[in-house]
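Work through the exercises below with the model open. Try each task before reading its solution.

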Amino acid sequence: MRDVLVGSILSAMSTGLGAAVILFISGTITHRWRDTILAFTAGIMMAASLMGLIPEALALGGFVPLCVGVFLGVLTLTVLEKNIPHIDLEHSRQGIEFDAKALLIISAITLHNIPEGLSVGVSYASASGDTGNLIAFAIGLQNAPEGLLVALFLVNQKINKFKAFVISTLTGAIEIVTSLLGYSLTSFVQNLVPYGLAFAAGAMLFIIYKELIPESHGDGNERSSTYSFIIGLLFMILLLGI
């Protein structure tokens, strides 16, 4: 339990780490940098899913639990994506602009963090202790640029930088609760572990293909984003092999 608590806190607080950048910049960030970070994160998460979560789910439960879990993860993210708003980015070389639905956007980001927290908790309940640390690391990397984007959005809504930093950090705190919930469920009902791992993989694959890759290719930075994705993939493979 101590490991999952520490891992979930570090993963969730990565949102605040990303948001902290807002305290030290005077304007916004270019789309090239943002796209590069998102693509690198996508590579990290892809390797974690394909080389960490999916093989372990197969080993523990076989192909049927893998398929069921993956589709449940995809379905969950699909329902969330259809029913809650996103940060709508206007792709522009000068910077990032957001729409004006502040409360809904904050709620949306918080809700999107629920399956991510579950993914971390379930990973710690698996037989391999390293899986939990790697998934917490991958989700944490994804949370950092997300925290920065939320903070930038809030600043554009005339909220001062410190308040924007605090609110952005709190959107990630829900992951601590859901991580502990996922860990508890799969720890006490061992048959759920392969389904939980597959659910985490499905949720991450949905985020990669539906969110991260399209966003990183939306401003003419396809080549640099592709390189960044490959570097992120190889970096995670290196960590998995250590």
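**Exercise 1. State how much surface the protein exposes and which atoms supply 70% of it.**

Solution. The exposed surface comes to about 11200 Å². Carbon and sulfur atoms supply 70% of that area. Areas come from the Shrake-Rupley method with a 1.4 Å probe, and for residues only the protein chains shown count as cover. The model is predicted: local features need pLDDT of at least 70, side-chain atom pairs count only at pLDDT 80 or more, and totals for chains, interfaces and linings use all residues. Residues are numbered from 1 along each chain as its sequence is written, and side-chain values use heavy atoms, with hydrogens and water left out.

**Exercise 2. Describe the overall layout: elements, burial and contact range.**

Solution. Start with the elements. The protein has nine helices and two strands. Both are DSSP runs, numbered from the N terminus: helices are H or I with at least four residues, strands are E with at least two. Along the sequence the order is α-α-α-β-β-α-α-α-α-α-α.

Next, burial. Of the 242 residues, 51% are buried. Buried means under 20% relative accessible area, exposed means over 50%, and partly exposed lies in between (1.4 Å probe, protein chains only).

Last, range. Take the contacts with a separation of 6 or more: 86% of them join residues 24 or more positions apart. A contact means heavy atoms within 4.5 Å.

**Exercise 3. Classify the packing of α2 and α3 by angle, and give the handedness of the crossing.**

Solution. Two packed helices are described by the angle between their axes and the distance between the axes. Helix α2 spans residues 31–61 and helix α3 spans residues 63–83. Their angle is about 130°, and the axes are 7 Å apart. Axes are lines fitted to C-alpha atoms, for helices over the stretch in contact, and angles run from 0 to 180 degrees between N-to-C directions. Therefore α2 is oblique to α3. The classes are under 35 degrees for roughly parallel, over 145 for roughly antiparallel, 65 to 115 for roughly perpendicular, and oblique for the rest.

Now the handedness. α2 passes α3 in a right-handed crossing. Right-handed means that the near helix is turned clockwise from the far one by less than a right angle; anticlockwise is left-handed.

Then the residues. α2 contributes Ile54, Ala57, Leu58 and Gly61, while α3 contributes Phe63, Pro65 and Leu66. By class, six are nonpolar, one is polar and none is charged. Here Ala, Val, Leu, Ile, Met, Phe, Trp, Tyr, Cys and Pro count as nonpolar, Asp, Glu, Lys and Arg as charged, and the others, Gly among them, as polar.

**Exercise 4. Repeat the analysis for α2 and α9, then place Ser228.**

Solution. Helix α9 covers residues 222–241. α2 and α9 pack at about 40°, with axes 7 Å apart. This crossing is right-handed. Among the contact residues are Thr36, Ala39 and Phe40 of α2 and Ser228 and Phe229 of α9. The class tally is 15 nonpolar, six polar and two charged residues.

Ser228 lies in α9. Its relative accessible area is 7%, so Ser228 is buried. Beyond four places in sequence, Ser228 touches Thr36, Ala39 and Phe40.

**Exercise 5. Locate Met13 and Ile25 and list what each touches.**

Solution. Met13 sits in helix α1, residues 2–19. At 31% relative accessible area, Met13 is partly exposed. Outside four places in sequence, Met13 contacts Thr169, Ala173 and Ile176.

Ile25 lies in the loop between α1 and α2. Beyond four places in sequence, Ile25 touches Leu152 and Lys161. Ile25 and Lys161 are 136 residues apart along the chain, and their C-alpha atoms are separated by 9.9 Å.
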